[in-house]
Amino acid sequence: MDALHRSGCPINLTLEILGDRWSLIVIRDIMFGNRRHFRELLQKSQEGIASNILADRLKRLVERGLLTREDDPTHKQKAIYSLTEMAIDLVPLFAHMGAWGRKHLPVSEELSIRAELLENGGQKLWDDFMDELRARHLGKVLPPDTPSVLGRLTEAYLEVVNRRKTG
């Protein structure tokens, strides 16, 4: 094994990239929250990531090939972060993590509804979501009448939030 990695075990190698406290949260927020700018990721983080940690994770995720960073054509000082195919391939992992968390941990209804829909939707929904992410982040063209999985997940989340406010 080379000096950069503890071993060639695929689980170890994955954890070397994603095993810190924030990397999967950043990818989650880009994937499920459609947050593409530094400020959105910083200000809308429910977990309260610090700006220096966010900057470090974004840089590291770009270097590792999970994200790309491009200048935002609408603003000289902004960058747009996009998922790569490597990050999009994490959708099933997020679905399984969400299912595991719902089964074993005291999750909140509003923050677990998307995980429930992904779990119940299974591989077909994951594949549709990955295709949608490829369209949003990689430029893949989808048929014009393709329903939005992200829209469905967001709608379910907002429905629970609104019900809790009025109930």
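**Two domains and the pocket between them**

Residues of both domain 1 (8–81) and domain 2 (83–164) contribute to the lining of the largest pocket, so this pocket lies between the two domains. The structure is a predicted model, and the division into domain 1 and domain 2 comes from its domain assignment. The centres of the two domains, taken over C-alpha atoms, are 18 Å apart. Where the domains meet, 16 residues of domain 1 are in contact with 19 residues of domain 2.

The pocket between the domains may be considered next. The volume of this largest pocket is about 1000 Å³. It is lined by 35 residues, of which Arg-28, Phe-32, Glu-47, Leu-111 and Arg-114 are the closest to the pocket centre. Several helices take part in the lining: at least two residues come from each of α2, α6 (91–104), α7 (109–138) and α8 (149–166). Helix α6 provides the largest share, with seven residues. In terms of residue class, the lining comprises 15 nonpolar, nine polar and 11 charged residues.

Helix α2, one of the contributors to that lining, also packs against another helix. The axes of α2 (residues 23–33) and α4 (residues 51–63) are 10 Å apart and form an angle of about 80 degrees. Because angles of 65 to 115 degrees count as roughly perpendicular, α2 is described as roughly perpendicular to α4. On the α2 side, the contact is made by Ser-23, Val-26 and Ile-27, which meet Leu-54, Arg-57, Leu-58 and Leu-61 of α4. This contact of α2 with α4 consists of five nonpolar residues, one polar residue and one charged residue.

A further pocket completes the description. The second largest pocket has a volume of about 190 Å³. Its lining is formed by His-37, Phe-38, Arg-39, Arg-69, His-75, Gln-77, Lys-78, Ala-79 and Tyr-81. Two elements, helix α3 (38–43) and strand β2 (79–83), each supply at least two residues of this lining. By class, the lining of the second largest pocket is divided into three nonpolar, three polar and three charged residues.

To return to the starting point, the reader may locate the largest pocket between domain 1 and domain 2, with Arg-28, Phe-32, Glu-47, Leu-111 and Arg-114 as the lining residues closest to its centre.

How values were computed: Residues numbered from 1 in each chain as written. Predicted model: local features only at pLDDT ≥ 70, side-chain atom pairs only at ≥ 80, totals over all residues. Heavy atoms only, no water. Axes fitted to C-alpha atoms, helices over the stretch in contact; angles between N-to-C directions. Helix = DSSP H or I, 4+ residues; strand = E, 2+ residues; numbered from the N terminus. Parallel < 35°, antiparallel > 145°, perpendicular 65-115°, else oblique. Contact = heavy atoms within 4.5 Å. Nonpolar A, V, L, I, M, F, W, Y, C, P; charged D, E, K, R; others polar. 1 Å grid on protein atoms, 1.4 Å probe; cavity = no way out; pocket = protein on both sides within 12 Å on 5 of 7 lines; lining within 4 Å. Points joined across faces, edges and corners; volume = space filled by probe spheres on them. Domains from an automatic or database assignment.
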